[in-house]
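This report describes the architecture of a single protein chain, from individual cysteines to the overall fold. The sequence and the model are shown below.

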Amino acid sequence: MRILAATRDGLHGFDERGNSGPVELTGRSVTAVMRDGPQLWALLDGAEVWHAPAAEWTVVTGMKDLECTCIAMTDAVLVGTTEARLFRLQGDRLEPVVAFDGAAGREEWYTPWGGPPATRSFTEWDDDVFVNVHVGGILHTADRGTTWNPTIDIDADVHQVAITEELILAACAGGLATSADRGSTWTMRSDGLDAPYSRAVAVCGDAVLVSASTGPRGGRAAVYRGGLGGGSFERCSDGLPAWFEDNIDTYCLDALNDGSFAAFGTGDGHLFGSADTGATWSELASGLPPIQHVLVAPD
């Protein structure tokens, strides 16, 4: 497998033992990276979409006026941006998803500091696509973006959304929200979290991993492990510092769905990995530039 750490200075690759490969996209801030089979896609400097169908990276297109925040593969490549916009890659152009611009409840979206909201994370399963707006809840489409329906309460303050065949999971300001009915109803889980402010979530076999802290500026930040089906969380401590100062942020925690490996990165350049669904961890790398996205990809 490959563990990719997207940083403010290139894309760093490691194997499960922490052996490093060549740094790709050196000198560029890699905002996000995602896998489509053997192919990779990335956002650079919050402004450009790059593609690596094999070993070489090439620029596909750029974005003017808005900052690119996240990228996902559904029926096509989707890119989220500031001002809570959503774009679909059409050839070498990013075309706005017009129906998303008119989604119900948009006028109620906000940020605590008064700026415009942003599209923050995606997840998909078959035809179901869920898009997280911060702060604007989670929007759902099952018809390739023709219509969008709001799901969770906007004030849940969602930071990342993930999916399994049976569950939608959302890392929220009050803990981990879960839905077993495609977003119609939600249950909030926070038992076992020393503080409930959650920023990242990843499915790892029959476990779910979440990062949580005391608030937006971090403090007593940690990764927690719990059962997918419910129950209390347990703080991951074996092989890790007792606490992290800063939040382990959206998309900085990732895992293979089969549970064979998980990894997370920190804002001060540390990368950790686990081969037992988060029960024990080891440091894979340190001294990296600030990590902005982690991707665990099977070879």
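Is Cys68 buried or exposed? Cys68 is buried, since its relative accessible area is 0%. The model under discussion is a predicted one, and the values in this report are to be read accordingly.

**Cysteines**

A disulfide is a covalent bond between the sulfur atoms of two cysteines. The structure contains zero disulfides. Cys68 takes part in no disulfide, and the nearest cysteine sulfur, which belongs to Cys70, lies 9.0 Å away. For Cys204, the closest cysteine sulfur is that of Cys236 at 9.6 Å, which is too far for a bond. A pair of cysteine sulfur atoms would have to lie within 2.5 Å to count as a disulfide. Cys204 also counts as buried, because its relative accessibility is 0%.

**Thr31 and its surroundings**

Thr31 is located in strand S3. With a relative accessibility of 19%, Thr31 counts as buried, the limit for that class being under 20%. When neighbours within four places in sequence are left aside, the contacts of Thr31 include Leu43, Leu44, Asp45 and Gly46. Cys68, the buried cysteine discussed above, is also in contact with Thr31, as are Thr69, Gln292 and His293.

**Two four-stranded sheets**

The strand that holds Thr31 belongs to an open sheet of four strands, ordered S3-S4-S5-S6 and paired in the antiparallel manner. Why is one side of strand S3 (30-36) and of strand S6 (58-62) left without a neighbour in the sheet? Both strands stand at the edges and have a single partner strand each, so one side of each remains without a neighbour. On average, and with direction ignored, neighbouring strands of this sheet are turned by 25 degrees against each other. Six bridges join S3 to strand S4 (residues 39-44) in the antiparallel sense. Within this part of the sheet, Val30 stands opposite Leu44 in S4.

Another open sheet of four strands has the order S15-S16-S17-S18, again with antiparallel pairing. Its edges are formed by strand S15 (158-163) and strand S18 (187-189); each has a single partner strand, so one side of each lacks a neighbour in the sheet. Neighbouring strands here are turned by an average of 25 degrees against each other, direction ignored. Strand S17 (residues 175-179) pairs with S18 in the antiparallel sense over three bridges. Ala177 stands opposite Met188, which lies in S18.

The two strand pairings are set out below.

| Strand pair | Sense | Bridges |
|---|---|---|
| S3 and S4 | antiparallel | six bridges |
| S17 and S18 | antiparallel | three bridges |

**The chain as a whole**

How many helices and strands does the secondary structure of the chain come to? There are one helix and 27 strands. A compact globule of 299 residues would have a radius of gyration near 19 Å, and the 18 Å of the chain agrees with this. Taken along the principal axes, the C-alpha atoms fill a box of roughly 45 × 45 × 35 Å.

Buried residues account for 56% of the 299 residues in the chain. The accessible surface amounts to about 12400 Å², with 46% of it belonging to carbon and sulfur atoms. Of the contacts between residues at least 6 apart in sequence, 44% join residues at least 24 apart.

Note on methods:
Residues are numbered from 1 along each chain as its sequence is written. This is a predicted model: local features need pLDDT of at least 70, side-chain atom pairs count only at pLDDT 80 or more; totals for chains, interfaces and linings use all residues. Side-chain values use heavy atoms; hydrogens and water are left out. Two strands pair if DSSP finds at least two bridges between them. Axes are lines fitted to C-alpha atoms, for helices over the stretch in contact, and angles run from 0 to 180 degrees between N-to-C directions. The radius of gyration is taken over C-alpha atoms; the globule rule is 2.2 Å times the number of residues to the power 0.38. Buried means under 20% relative accessible area, exposed over 50%, partly exposed in between (1.4 Å probe, protein chains only). Contact means heavy atoms within 4.5 Å. Accessible areas come from the Shrake-Rupley method with a 1.4 Å probe; for residues, only the protein chains shown count as cover.
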